[in-house]
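Here is a short briefing for a reader who has not met this structure before. Please look over the sequence and the model before reading on.

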Amino acid sequence: MIRDSYKLTATDALAVISSGRLSSVELVKSCLAQIEATDSTIKAWAFLDADMALAQAAECDRIRKAGLATGPLHGIPVGLKDIIDTAEMPTQRGTPIFADRQTDHSARLVERLRDAGAVIMGKTVTTEMAFVHANETRNPNDADRSPGGSSSGSAAAVAACHVPLSVGTQTNGSVIRPASFCGAFGFKPTRGVISRAGLLQTSVSLDQVGCFGRSLEDVALLTDAIGGYDQTDPVSYARPRPDMLTGARADVLVEPEFAWFELPFNDRLAGDARDGLEAVLEILGPKVTRMEPADTLSNLVAVQARIHEYEIAKHQADVFDAHWDQISPTLQPIITRARQISNDEYEDALAVKASAEAFFANFFLDYDAIIAPSAAGEAPLFGEGTGDPIFCTLWTLAGLPCVSLPLLVGQHGLPIGVQLIGPAEKDDRLLRTARWLQKHLSDASE
């Protein structure tokens with residue numbers, strides 16, 4: 001048995017489980033003990049069944065000892081955002097409207113996790129219907145702070161070492177921003193890499209699945225395991241996916257070229273975040289091109305909001321109509337506003353979105369990655385919202401792969417992420433670039 005195995009990254013845990021030096025049951029017990037010791041403060045879990053988790057782990061150990069085939073996540077505990085349907089557990093979507101909701105079928109990504117040998121630990125807390133109104137989860141680094149939203153519990157559970165891996169979703173900034181606030185690695189692959197079948201639909205055009213881990217290899221490993229074509233998801237594509245883990249482990253052949261956009265909303269950056277990013281840019285020196293793009297690029301923020309609001313009001317109309325008095329006062333005015341958006345305005349926004357995708361397809365002919373903030377700064381105080389997602393908006397709208405690296409520390413000692421954005425369907429290249437950046441900055445600090 002390995003002491004404090006809950007601290008292991010997923011890739012390290014896989015190695016010791018494979019060698020026989022650690023059992024899945026021992027790993028799950030260690031994670032459960034860490035949850036018991038800390039979750040009364042962090043409140044990352046909406047549903048947790050220890051006996052169910054241990055039973056899955058025992059079956060993983062039986063399979064390994066029998067010499068049967070094991071999957072890429074064999075015996076590894078994983079948390080799931082509570083908008084992902086699971087036949088064995090409730091999916092309550094962050095609202096009492098869906099209290100104890102149980103489905104007959106699991107989401108497609110859950111099937112893939114099972115096939116990969118993962119142990120589904122439970123469901124992590126999300127904001128109300130995966131939108132703006134926060135629930136009870138606190139930041140593991142400072143319980144007086146927000147963990148971000150809407151994948152709040154997923155980010156907090158990984159950062160607090162409750163599980164080595166978790167799954168979240170992003171429609172605006174809901175993977176990258178919580179990863180930044182909590183000090184985890186967050187990865188949102190290209191739109192269409194991971195099926196959304198069996199997930200709460202807030203925006204058919206924008207919803208994307210993402211992953212949290214405690215290393216770059218971890219998020220790559222999880223993405224590989226749950227990615228794949230699904231004909232029931234309209235944005236899923238029937239082409240080979242990049243090999244994420246190979247990318248995360250690869251060395252670059254040529255030092256990468258970065259772009260930094262001087263956007264009008266960069267003034268929303270906190271001073272410590274701005275200083276930290278400037279230090280990164282200075283270390284990169286001539287490898288970064290600073291650009292002042294046309295105003296139309298920053299106008300994409302309004303386009304994303306129009307699509308998101310129009311679609312959630314449409315997709316969840318029955319819920320809002322039947323349970324309006326149970327909708328938070330944070331969400332009610334947004335839905336009221338969304339219902340005033342005309343179909344023509346919505347169609348125009350979709351056309352602009354398509355133009356943005358085309359722009360970035362050409363842009364990355366000259367650059368390996370865009371470097372950007374993951375969030376505006378350190379996590380805000382709990383009760384002051386889940387943080388500004390604006391530094392994720394453009395890239396989410398365009399469906400680009402994004403990764404948040406926990407590289408900076410703010411004035412209160414809290415983590416601040418650095419975001420890299422890459423070309424669509426070249427996620428492995430982005431992860432290779434991210435690996436290079438981590439090493440380059442580490443070498444520069446020595």
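The points below cover the sheet, its strands, the helices beside it and one glutamine.

This is a predicted model. Its open sheet has 11 strands with mixed pairing. Helices α5 and α7 each lie across several strands of that sheet, α5 across β1, β2, β3, β4 and β6, and α7 across β4, β5, β6 and β10.

**The sheet as a whole**

- The strand order is β1-β3-β2-β4-β6-β5-β10-β11-β9-β7-β8.
- The edges are formed by β1 (45-48) and β8 (288-291), each of which pairs on one side only.
- From one strand to the next, the twist averages 30 degrees.
- Strand β9 (residues 369-373) runs antiparallel to β11 (residues 415-421), and 4 bridges join them.
- P373 has V418 in β11 as its bridge partner.

**Strand β3 and its partners**

- Strand β3 is largely enclosed by the rest of the structure, because 6 of its 6 residues are buried.
- β3 and the edge strand β1 run antiparallel and are joined by 3 bridges.
- W45 is the bridge partner of T124 in β3.
- With β2, strand β3 pairs in the parallel sense over 5 bridges.
- P77 is the bridge partner of V119 in β3.

**Strand β4 and its partners**

- 6 of the 6 residues of β4 are buried, so this strand too is largely enclosed by the rest of the structure.
- L165, V167 and T169 point one way from β4, while S166, G168 and Q170 point the other way; all of these residues are buried.
- β4 pairs with β2 in the parallel sense, over 3 bridges.
- In that part of the sheet, V167 of β4 has L80 standing opposite.
- β4 and β6 run antiparallel, with 5 bridges between them.
- Q170 stands opposite Q208 in β6.

**Helices and the sheet**

- Helix α5 spans residues 152-159 and runs at about 155 degrees to β4 (165-170).
- The other strands that α5 lies across are β1, β2 (77-81), β3 (119-124) and β6 (208-213).
- Helix α7 runs at about 140 degrees to β6, and also lies across β4, β5 (185-188) and β10 (402-409).

**Helix α4 against helix α7**

- Two packed helices are described by the angle between their axes and the distance between the axes.
- For α4 (residues 108-116) and α7 (residues 216-226), the axes come within 8 Å and cross at roughly 110 degrees.
- That angle makes α4 roughly perpendicular to α7, because angles of 65 to 115 degrees count as roughly perpendicular.
- On the α4 side, L109, R112, L113 and A116 take part in the contact, and they meet L222, A225 and I226 of α7.
- The residues of this contact comprise 6 nonpolar, no polar and 1 charged.

**Q56 in helix α3**

- Q56 belongs to helix α3, which covers residues 50-65.
- The relative accessible area of Q56 is 14%, so the residue counts as buried, the limit being under 20%.
- Its side chain reaches the backbone nitrogen of I120 at 2.8 Å.
- Leaving aside neighbours within four places in sequence, the contacts of Q56 are R114, A118, V119 and I120.
- Of these contacts, V119 is also the residue in β3 whose bridge partner is P77.

Technical notes:
Residues are numbered from 1 along each chain as its sequence is written. This is a predicted model: local features need pLDDT of at least 70, side-chain atom pairs count only at pLDDT 80 or more; totals for chains, interfaces and linings use all residues. Side-chain values use heavy atoms; hydrogens and water are left out. Axes are lines fitted to C-alpha atoms, for helices over the stretch in contact, and angles run from 0 to 180 degrees between N-to-C directions. Helices (H or I, at least four residues) and strands (E, at least two) are DSSP runs, numbered from the N terminus. Angles under 35 degrees count as roughly parallel, over 145 as roughly antiparallel, 65 to 115 as roughly perpendicular and the rest as oblique. Contact means heavy atoms within 4.5 Å. Ala, Val, Leu, Ile, Met, Phe, Trp, Tyr, Cys and Pro count as nonpolar, Asp, Glu, Lys and Arg as charged, and the others, Gly among them, as polar. Buried means under 20% relative accessible area, exposed over 50%, partly exposed in between (1.4 Å probe, protein chains only). A polar contact is a pair of N or O atoms within 3.5 Å; within protein, one must be able to donate a hydrogen and the other to accept it, and residues adjacent in sequence count only if both atoms are side-chain atoms. Two strands pair if DSSP finds at least two bridges between them.
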